[in-house]
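Q: Please take a close look at one part of this structure and describe it in a single connected answer. I am new to it, so please explain each term when it comes up.

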Amino acid sequence: MSSLGELQRLGSSTAGPPRKRDNRAAFFFLSPWFAGLVLITAGPVAASFVLGFTDYNLIQPPEFNGLENFQRMLHDERLHHALGVTFTYVFVSVPLQLAFALGLALLLDRGMRGLAFYRSVFYLPSLLGTSVAIAVLWRQIFGADGLFNQVLGWFGVQGQSWISDPGTALSTLIVLNVWTFGAPMVIFLAGLRQIPVMYYEAAAVDGASKARQFRSITLPLLSPIIFFNLVLQIIHAFQSFTQAFVVSGGTGGPSDSTMFYTLYLYQRGFHSFDMGYASALAWLLLVIIAIFTAINFWASKRWVFYDD
Amino acid sequence: MKRFTRREALIVAAAGAALAACGGNGGGNANGEISGDQVTLRFTWWGSDARHKRTQQVIDAFTKAHPNITIKGEFKDWNGYWDALATTVAANDAPDIIQMDELYLASYAERGALLDLKTADKHLTTTDFDAKALATGAIDGKQYAIPTGLAAYSFVVNTDLLDKYKVTVPDDATWSWDDLKTVADQVSKASGGKVTGTQSLGFDIGGVNIWARQHGAALYSPEGKVVIPPDLLASFWQYQVDLAKGGMAPQASVSVERAGAPLDQSGTATNASAFGSWWNSQLTSLAAASGQKLKLLKLPGEAQASSAGGYYKPSMFWSISSRSKQPAEAALFVDFLANSQEAADIMLTDRGVPANTKIRSALVPKLTDTDKAAAEYLDTIKVGESPRVTPNGASDVEQILKRHTEDVLFARKTPQDAATSFVKELQAAIDAA
């Protein structure tokens with residue numbers, strides 16, 4: 001988006017101020033975030049680490065139980081199931097979402113009239129997507145008497161409750177996640193703007209087709225942005241909670257088919273009064289996300305192209 | 001043997017009293033003077049719209065008499081209520097007055113989250129309560145909760161729908177579970193599938209209790225072990241499968257969706273099912289939502305059963321948080337809820353037919369229609385000994401039941417496998433607590 005480009009232009013047009021001062025400015029602008037981290041998030045994070053090694057029922061004081069929580073995870077079949085659901089969700093919805101975002105970014109990048117309007121319209125779902133209101137709306141749309149079934153009804157198809165059938169409930173959540181493609185789309189747009197037009201001009205002169213241009217110019221030069229989006233969206237998808245919570249009424253149902261990892265963690269903590277185990281689960285999630293991010297970075301050496 | 005000196009005995013007694021005071025409440029003294037200063041209490045309950053309105057009227061009546069006490073109501077529907085309560089209790093931010101259910105009573109009380117109401121007997125009396133009913137709120141000799149009223153599991157039938165489809169109301173003195181299937185089938189067929197004969201009954205624990213008791217079994221032993229025979233549980237689920245497969249109950253996904261929705265969106269409340277299993281105390285809320293004529297029927301199968309399936313359940317309880325800063329004022333308010341005719345006249349039978357016998361006898365003549373029907377229902381049914389209070393750790397039993405019912409309805413588990421799995425999981429939850 002233009003703001004990113006503008007930042008870049010600002011950076012290059014100002015006559016090279018010392019790097020240190022840049023950093024100071026960055027820290028200054030980041031300070032509200034740091035304040036929030038230290039004052040609000042850090043305490044609970046540290047507490048949850050300690051609680052991960054305790055038996056804590058929320059009401060009575062916690063008791064240390066060593067590694068018992070972690071041993072329990074090995075035999076917790078519902079946890080294994082929740083991991084399966086979460087992996088399916090992440091590895092189906094993230095590629096779909098990114099493909100969608102890139103496709104629309106390419107369309108919008110062609111400089112049509114009213115671009116700002118369309119950009120905002122497509123970005124809107126991302127602002128709303130993780131909100132409770134949209135999840136409630138999803139319940140309505142894919143419920144037994146919902147909009148989706150009404151549309152099916154026009155074609156003479158008798159629908160069912162899509163959110164309450166274990167075969168389809170997870171798919172509705174994947175659709176919801178794909179629909180919130182706005183944030184990666186905006187970043188893709190910014191990336192596309194960075195690619196110098198002269199490359200395309202040169203390729204066109206050499207007779208390269210649009211597809212060839214896309215493959216040989218756009219994709220390589222955009223690969224750092226794709227990588228950035230991929231890392232971000234995978235982390236994001238692993239942490240999904242609100243959608244599944246609202247759509248399934250907090251149960252992860254039907255039949256545990258939308259039992260996201262975070263939802264299972266929440267249920268252990270707040271339904272079963274098992275906060276020690278839930279805290280340990282939170283740290284396992286952190287490890288899982290760290291591993292996937294590390295794999296991502298390792299693999300990126302093979303396909304991400306840095307033009308510097 | 002060494003005997004205590006008088007002085008030693010006094011010290012021990014004082015220490016004991018101090019300990020009791022510490023353990024009992026975090027902030028104030030439950031038997032202290034009522035404050036003349038401005039005091040704010042938080043009061044939380046679950047329920048339907050009809051209940052929210054009535055409860056607000058009760059609050060208004062109380063604060064009119066005690067202008068220095070403000071009561072902030074926090075109300076939710078059942079599904080969100082317990083998440084919110086667990087979160088606030090954990091954050092040491094529990095509401096002062098808590099509407100409590102039998103499912104969760106032991107889980108909260110045995111972990112010390114609730115005040116022993118006997119320590120507030122200066123402001124809160126229980127002398128007019130039926131002793132047996134009162135005992136349902138006591139654990140190990142401590143009165144953690146006062147029952148609001150009694151309820152019994154029942155069948156609700158929409159007679160307007162039966163009239164419309166020319167189906168006769170079954171004789172509930174003799175009807176069996178097979179009769180329910182037959183009549184439900186007639187309704188489903190006559191309406192062309194627009195209305196289903198009955199709601200599925202696999203989603204609340206009352207149905208399982210009834211099924212077990214009619215076969216002389218029980219879900220829990222008195223010691224709190226899960227003792228329902230898996231074969232019996234499997235037959236319960238087989239019945240639900242038969243209903244869904246035969247079109248007598250809605251298709252699985254619709255049943256699941258409705259079971260997760262608030263009462264106002266149930267099949268009975270939206271006139272989409274002619275029969276449904278409910279607690280008798282829910283009749284008024286259901287009738288208000290439905291707008292059609294609803295009638296309470298005795299449970300199917302009682303005439304054929306080896307022992308009575310029906311029982312009196314304390315419909316819900318009043319509790320006070322053990323960490324309330326104003327336990328005395330909270331006790332005064334609970335006293336108003338439990339013992340005042342004024343409050344009872346507003347609430348009627350919405351929280352069950354009052355367990356306070358004095359209130360009940362004064363109330364029943366004033367009742368109209370659905371409230372009266374709910375009250376009379378209790379006297380007409382045959383009941384056995386009430387089941388044991390849900391053990392500590394088993395408060396999730398309805399979630400576990402629901403998940404297994406879903407597994408069975410969607411043919412992911414056979415009723416037999418589901419039964420084995422249910423018993424194992426529920427027992428593990430109790431053992432872990």
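A: What follows is about chain B: its domains, its contact with chain A, and one pair of its helices.

The model is predicted, so local features are given only where pLDDT is at least 70 and side-chain atom pairs only at pLDDT 80 or more, while totals for chains, interfaces and linings use all residues. Residues are numbered from 1 along each chain as its sequence is written, and chains are lettered from A and ligands numbered from 1 in the order in which they are written.

Chain B is divided into two domains, each made of two stretches of sequence: domain 1 covers 33–150 + 315–380, and domain 2 covers 152–312 + 385–432. These bounds come from an automatic or database domain assignment. Taken over C-alpha atoms, the centres of domain 1 and domain 2 of chain B are 28 Å apart. Where the two domains meet, domain 1 of chain B contributes 27 residues and domain 2 of chain B contributes 24 residues; two residues are in contact if their C-beta atoms, placed from the backbone, lie within 7 Å.

On the domain 1 side of that contact, at least two residues each come from helix H2 (49–65), helix H4 (102–109), strand S6 (146–158) and helix H15 (369–380) of chain B. Helices (H or I, at least four residues) and strands (E, at least two) are DSSP runs, numbered from the N terminus. The same side of domain 1 of chain B holds 10 nonpolar, 9 polar and 8 charged residues. Here Ala, Val, Leu, Ile, Met, Phe, Trp, Tyr, Cys and Pro count as nonpolar, Asp, Glu, Lys and Arg as charged, and the others, Gly among them, as polar.

Chain B also touches the other chain: 25 residues of chain B are in contact with 23 residues of chain A. On the chain B side, helix H3 (78–90), helix H10 (252–259) and helix H16 (397–409) each supply at least two residues. H3(B) gives the largest share, 6 residues. By class, this side of chain B has 8 nonpolar, 8 polar and 9 charged residues.

The last item is a pair of helices. Two packed helices are described by the angle between their axes and the distance between the axes. In chain B, the axes of helix H9 (residues 230–245) and helix H17 (residues 415–432) come within 8 Å and cross at roughly 130°. Axes are lines fitted to C-alpha atoms, for helices over the stretch in contact, and angles run from 0 to 180 degrees between N-to-C directions. H9(B) and H17(B) are therefore oblique to each other; angles under 35 degrees count as roughly parallel, over 145 as roughly antiparallel, 65 to 115 as roughly perpendicular and the rest as oblique. The crossing of H9(B) and H17(B) is right-handed, that is, the near helix is turned clockwise from the far one by less than a right angle, whereas anticlockwise would be left-handed.

From H9(B), the residues that meet H17(B) are Pro230(B), Leu233(B), Ala234(B), Trp237(B), Gln238(B) and Val241(B). Facing them in H17(B) are Pro415(B), Gln416(B), Ala418(B), Ala419(B), Thr420(B), Phe422(B) and Val423(B). The contact of H9(B) with H17(B) consists of 10 nonpolar and 3 polar residues, with no charged ones.
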